[in-house]
Amino acid sequence: MRSISTSWYWAAAFAVGAATTVVAVGCADDRAPLLASGSSGSSGSADACILHDTGCPCATDGTVVACGSVKRISGDYISCSTGTRVCKGGAWGECSGDVTTKEVKVPLYARALGTQSPCVGNPCDPSCQNMIDDGSGLGDAGAGIKASDAGLTLEGIVSDASVACTALTVSPASPVAFPVTAMGGPNTLQLTPALLPSGCYVGPVPALWTVDQFDIAQIGSTGLMTLVTPIAGDIVVNAYAGTLSAAPTIVRVTVAATDTSAAPPAYASPTFFSGAGAADNIEILYPYAGTVFPLGQIAPLVQWRDGGSAADAVRVSLRYPATGTAIFNWSEIIYEKTTVPATAIAAQPRAVLPQSAWFAFEQTVARNRSASGDAGIFGIQRIVGGALRTETTRTVRFADGQLKGRIYYNSYGTNLVQNYGNTYGGARFGAATLMIPPGASTPSVVAGSNSASNGPGCRVCHSVSPNGNVLATLQDNYTAVSYDLTLPLLSEVVIGSSGKYTWPALSPDGSYLFSDASSLPGSGGSKSVLYYTSLGVPMLPPATIFTNLKAGTPAFRGDGTQVAFNFFGGGAAPLSNPTSGPTTGDQKTLSMMSFDPVLKQFSSFRNLYTPTTGAAMWPSFLPPGQNGVVFEREIIRSRNGGWGFTRSNCDSRDGACNTTGATGELWWVNTTGTPQAVALANANGVGLPTGPNLHGSGTYTGDDGGGNAVNTTNFNDPVYNYEPTVLPIQSGGYSWVVFTSRRMYGNVSTINPYYSDPRFRDISKEPTPKKLWVAAISNNPAAGTDPSFPAFYLPGQELLAGNSRAYFALEACRSPGAPTTANLCDTDLDCCGGAGPIKTAICKLDQPLANPPLRHCVSNSSATCSLDGSTCGSDAACCNFSSGSRCASGTCTAPPPLVNYGAAVFVREYAATCPFGQRPIWRFFDWQSNTPTGTSIVFTAATRETASDPYGAEVGAGTAAPYPVVTPTWTSGSTTVEDALRASGQLSKPLLRITATLLPKTSTPTAAPTLTQWRQSFSCVDAE
């Protein structure tokens, strides 16, 4: 056995105060274990008479000793009763006399080596003392022992094998198939490292593992990889051990999962859809073929017509890529018809896709688009009358960016506030400005409130600044109010009662506006003027003051350098007349001007497009650099309201005028070169779903409010599109336009397109089609072409309300840093700096994995490096990268050394000096330790009288071993050292040697224990 060097022999002479008649001794019950939390020792069986208990023999009558006992323990405080005990008639009496009670706080242990302090668990014992040690300052602790501030542990040694390790490999060999068959996860895959040549290392290989996609996968020290989100594609895994690294391992994740939890009982087997069957005659209504979806949206509601043949069961699938072998293939088997989301009407053929499956589908496309394209498919396959039908599929595409953000819009008929009456059924309803928070399934009220009378709580006819800072809207009496949307608590500011704030063009930051002067309700200005938003007063020169220009529904470009509008009236003076088109307003022409945001001056008045019939209105610029304006071409003007309205021709419950009204299309025109205006046929829905795209399927016979059948053969969805607003910036390679549409929404909203006024039509059960839709527009559109894609229904809006006039305000990115609720994320795109080829921030899974897993944005910047133990986004971000540290699951970590451990011994000797006539009693030996599974520390004790005497026989003082692995509180053996010595026929003597034998993991010596702190206590008693 190894022993500690003599330089670490330490003797403590404890000067215990003694009086002529009072001897310092312990309480009658001071043999209790230490009172500190976590103590697992017991009092053992010490001879109570050594400690002067009542009734024990004493030598001299009249001798007085101190005594005491623990009366109560409360948290960190102990209540002690202290007094004296008298020898009378040859026996010790009761502890009595001048008895006092004191409260003593349990003292903390001392950090310095060998510092003397009162016993932690025995504050009532005047003589009990502790000697507390730790590894700080020890230096040479003995052969095979490594000492540090963290304690004592074994020194690792290079493997005892005679052959040096030269290579690290991982099995299975790359590429490794990782099939996922269950979406609920997490799913796991075991990778195993090996060192070559064979036999060069004893035991399991300690390895550091890394993955290149921190947001969906983690891998632990054992090589067990956990896939948290079932996204298909390749994950690159690297392994490091000592100075060796393995070749990258490609883990090839494929998803083939079928959800049968809602399947009809006879069709719960996921394999019953095998092979092809007879042709099916269904028609997929939604989503449209070729729709481009942004990332981060709520899953669409799949809808179809059954062609007159009801199905026994349906499989709905999501697959990627659109052609070739699928790496992602998710399905659910369901009943064909559901009432969701219109629960009050008859069930229709629909499928509700789980959001988790849609997220995994879109992310699979996003992460593999460079190799396999941006298109996936959804399919519907049915069993009809027990016979399999052929699958019907549609292709959908995904952008490489998100539209996570707030959508502000008007709602007429909202159920979130009540400020108008009454609905068709007699209930009150609301008119308000609502907002759909990012990823939400329901909207919230931004402007509007309840009111007992009609109108005071109404807030509609709104505009929002391009950067989403300011909202301007109207009260029912056309009083203008504004809201600072950047504040957490919105407050309403009244800014005027004139029409200058109705339908204006707000500047990018909302600080000023260019007023509308059309015939729309609330627009009362005789000409268009620049106003300060917060003051309601016109700007003074040098701002351009037009003589009589009347701009209708104006809009600034996102950077504030241009403004577009309907040339509603007046002229351009003092600017020059345009070189082509009308020189005075005709209420038809789309025009534009340049604008200097610094000087607040207009210039370059010109006309862009004059329709042969109808009017161009509601313009909205494509993002800067895209050189175009999207606008509404009004085809038929509503007789109920007039110019710029989207309403039916009358407000009534009955009559043909209630079933027809304003029609419009989305168009666009280029703003550089020769203007060429073109209809956005794809966004308008031409040919969708198929054929002439009638709103219904012939004649609608449902409740029209008067119980009348209404012929819908003349309804045509592509001319029910109005009020476009373009997101001021591109996202994912596309521009995005949100607009009002009265089109059919699959088989959910199918009633007369003009049935949206809750006062005259019962829309409390059957949803009105007046809703918000979004369409993608391709990058750098070519003049004279249609750059749009089929639109998608904006999720999150109220289904049983008429919604219109939407504005985008993208959600702010989340700053990387310490994990908080403010930087929670789903993907890298949520993080500031998480987009583009060079990412300065990433979204990573928290460690250890929570349930459900959480992700936070962390820095991936090379500007400052991360120390070991700190978060990182790449290997290069680690300060110690050059010396081997790697970014493992988002934390800089050094690879583990290739070492084994051997048993070693640490020896500690204590000396106790007691007053004349007393001798020491060695009490409990206590420790704090960290003992990984399979490791242990065995403590033994031996005692002797002087340094020249041999030690007596070793006795057990305790064993540190799991459970628990980590012992952060003081723990002791089952008996005191005195009890153990007495059991072997010995007594405590002044010198005590404690031997700690540190034993590594026995089966494979790759883990070592740590002795964090240790202490020995003793008391002096009469040597009788």
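## Buried, exposed and in between

A residue is called buried when its relative accessible area is under 20%, exposed when it is over 50%, and partly exposed in between. Keep those cut-offs in mind as you explore this structure, which is a predicted model. Cys657 is a good place to try them out: its relative accessible area is 25%, so it counts as partly exposed. Its disulfide partner is Cys650, and Cys650 has a relative accessible area of 13%, which means that it is buried.

## Disulfides

A disulfide is a covalent bond between the sulfur atoms of two cysteines. How many disulfides does the structure hold? There are 10, and three of them are described here, starting with the pair you have just met. In the link between Cys650 and Cys657, the distance from S to S is 1.9 Å. The torsion about this S-S bond is about 80°, so the disulfide is right-handed.

Next comes the disulfide that joins Cys872 to Cys887, with 2.0 Å from S to S. The torsion about the S-S bond of Cys872 and Cys887 is about 105°, so this disulfide is right-handed. The pair links distant parts of the chain, 15 residues apart: Cys872 sits in the loop between strand E58 (855–859) and strand E59 (886–888), while Cys887 belongs to strand E59. Are these two cysteines buried or exposed? Cys872 has a relative accessible area of 0%, so it is buried. Cys887 has a relative accessible area of 1%, so it is buried too.

The third link connects Cys914 and Cys1020, with an S to S distance of 1.9 Å. What is the handedness of this one? The angle about its S-S bond is -80°, and the link is left-handed. Here the partners are 106 residues apart along the chain: Cys914 lies in the loop between strand E62 (904–911) and strand E63 (918–930), and Cys1020 lies in strand E68 (residues 1010–1022). Cys914 is buried, with a relative accessible area of 17%. Cys1020 counts as buried at 0% relative accessibility.

## Two cysteines without a disulfide

Some cysteines deserve a look for what they do not do. Cys458 is in no disulfide, and the nearest cysteine sulfur to it belongs to Cys461, 7.2 Å away. Cys461 is in no disulfide either, and its nearest cysteine sulfur is that of Cys458. Why do these two not count as a disulfide? A disulfide needs the two sulfur atoms within 2.5 Å, and the sulfur of Cys461 is 7.2 Å from that of Cys458. Cys458 counts as buried, at 4% relative accessibility, and Cys461 is buried with a relative accessible area of 10%.

## Helix H1

Now follow helix H1, which covers residues 355–372. Where is its kink centred? Look at Ala366, where you will find a kink of about 40°. After the helix comes Gly373, which has a positive phi, near 90°.

Several residues of H1 are buried, among them Trp358, Phe359, Phe361 and Ala366. Glu362 and Gln363 are also on the list of buried residues in this helix. What do the buried residues of H1 pack against? Their neighbours are strands: E18 (233–241), E22 (292–295), E24 (313–320), E25 (328–334), E28 (375–384) and E30 (392–402).

## Cavities inside the model

Rolling a probe the size of a water molecule over the atoms shows where empty space is left. In this model the count comes to 6 cavities of 30 Å³ or more. The largest cavity has a volume of about 310 Å³. It is lined by 27 residues, and those closest to its centre are Ala555, Phe556, Ser620, Thr725 and Tyr807.

Which elements give two or more residues to this lining? They are strands E35 (460–464), E39 (505–506), E42 (550–556), E46 (615–621), E52 (721–726) and E56 (802–810). By class, the lining of the largest cavity has 19 nonpolar, 6 polar and 2 charged residues.

## Pro186 and its contacts

Finish with a single proline. Pro186 is found in the loop between strand E12 (176–180) and strand E13 (187–190). At 52% relative accessibility, Pro186 counts as exposed.

What does Pro186 touch, leaving out residues up to four places away in sequence? Its contacts are Thr226, Leu227 and Val228. Pro186 and Val228 are 42 residues apart along the chain, and 4.7 Å separates their C-alpha atoms.

Conventions
Residues are numbered from 1 along each chain as its sequence is written. This is a predicted model: local features need pLDDT of at least 70, side-chain atom pairs count only at pLDDT 80 or more; totals for chains, interfaces and linings use all residues. Side-chain values use heavy atoms; hydrogens and water are left out. On a 1 Å grid over the protein atoms alone, a cavity is a set of points where a 1.4 Å probe fits but cannot get out, and a pocket is an open set with protein on both sides within 12 Å along at least five of seven lines; lining residues have an atom within 4 Å of a point. Grid points are joined across faces, edges and corners, and a volume is the space filled by probe spheres set on the points. Helices (H or I, at least four residues) and strands (E, at least two) are DSSP runs, numbered from the N terminus. Ala, Val, Leu, Ile, Met, Phe, Trp, Tyr, Cys and Pro count as nonpolar, Asp, Glu, Lys and Arg as charged, and the others, Gly among them, as polar. The bend at a residue is the angle between axes fitted to the seven residues ending there and the seven starting there. Buried means under 20% relative accessible area, exposed over 50%, partly exposed in between (1.4 Å probe, protein chains only). Contact means heavy atoms within 4.5 Å.
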